[in-house]
Amino acid sequence: MGDLLNLTGMVLSAIPMGDFDKRVVVLTKERGKIHAFAKGARRQNSSLLAAANPFCFGTFSFYEGRSSYTLVQAEVKSYFRELSQDVEGAYYGFYFMEFADCYARENNDEVELLKLLYASMRALANPHLDRELVRRVFELKAMVVNGEYPEVFSCAECQSREELSAFTLARNGLLCSRCAPKYMGAVPLLESAVYALQYVVSTPVEKLYTFTLSEEVMGQFAQVVERFRKKYIEKEFKTLDILQSILNY
């Protein structure tokens, strides 16, 4: 057994193993995504009973074995209980966890993704923020963190920075009013939608959730993010299917 590792992170998922154990996936600042066994975490007297669950953020102590980690202790800073006790909020959160799990890699620098995940969970818990906007901001920024994002500061056709007014997947970016007619199916955008895309792409995570959008602009913003997500992420998210069924109920 190696030295004890103290890592800052968030539990993305937890699966029961045997009668009393769990297998957890934790996104950590220091070592990216890691898989670990939490022995006895399902026992009522276990110190890991509450910590070995999705949404838990804090400092986790592991022993590193030859092929896996063992979670032995946790100092939880936030459980996000306000979300776990709200079905809609919980499934937004579960979707964010699954999305982060899709992108995160072992032994990779995932500091920005962890910061984004934590900030987005806090935004979900804020009753003054539209959760659908939080979702779209999270999706787009996660793709930016992963190095996949549309050209939003100049026309993808002629490189003009003036009169940006549409989005096309064909060029992975925005189009000016002169070039937009060349592309069938381009999404027309109001100036506020263009600014929202630019803001999310360029703004530090700490300042992301500081704006609201009108219903019309939100629709355009969401349409662009959805098209971009479906192009670059082939994975079908089970939690998103459940979330959409809840929202449409």
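At what angle do helix 4 and helix 6 pack, and how far apart are their axes? In this predicted model, helix 4, which covers residues 131-145, packs against helix 6, residues 215-232, at an angle of about 40°. Their axes lie 10 Å apart. The two helices are therefore oblique to each other, and helix 4 passes helix 6 in a left-handed crossing.

Let's look at the residues that make this contact. On the helix 4 side they are Glu-132, Leu-133, Arg-135, Arg-136, Val-137, Glu-139, Leu-140 and Met-143, and they meet Met-218, Phe-221, Ala-222, Val-225, Glu-226, Phe-228 and Arg-229 in helix 6. Sorted by class, this contact has 9 nonpolar and 6 charged residues, with no polar ones.

Helix 4 also packs with helix 5, residues 191-202. Here the angle is about 50° and the axes are 9 Å apart, so this pair is oblique as well. Helix 4 passes helix 5 in a right-handed crossing. Val-137, Leu-140, Lys-141 and Val-144 in helix 4 meet Leu-197, Val-200, Val-201 and Ser-202 in helix 5. These residues divide into 6 nonpolar, 1 polar and 1 charged. You may recognise Val-137 and Leu-140 from the contact with helix 6, where both are listed too.

Now for the cavity. The structure holds 1 cavity of 30 Å³ or more, and its volume is about 30 Å³. Its lining consists of Leu-129, Asp-130, Leu-133, Val-134, Tyr-209 and Phe-211. By class, that makes 5 nonpolar residues, 1 charged and no polar. Leu-133 links this lining to the earlier part of the tour, as Leu-133 is among the helix 4 residues that meet helix 6.

Key
Residues are numbered from 1 along each chain as its sequence is written. This is a predicted model: local features need pLDDT of at least 70, side-chain atom pairs count only at pLDDT 80 or more; totals for chains, interfaces and linings use all residues. Side-chain values use heavy atoms; hydrogens and water are left out. Axes are lines fitted to C-alpha atoms, for helices over the stretch in contact, and angles run from 0 to 180 degrees between N-to-C directions. Angles under 35 degrees count as roughly parallel, over 145 as roughly antiparallel, 65 to 115 as roughly perpendicular and the rest as oblique. A crossing is left-handed if the near helix is turned anticlockwise from the far one by less than a right angle, and right-handed if clockwise. Contact means heavy atoms within 4.5 Å. Ala, Val, Leu, Ile, Met, Phe, Trp, Tyr, Cys and Pro count as nonpolar, Asp, Glu, Lys and Arg as charged, and the others, Gly among them, as polar. On a 1 Å grid over the protein atoms alone, a cavity is a set of points where a 1.4 Å probe fits but cannot get out, and a pocket is an open set with protein on both sides within 12 Å along at least five of seven lines; lining residues have an atom within 4 Å of a point. Grid points are joined across faces, edges and corners, and a volume is the space filled by probe spheres set on the points.
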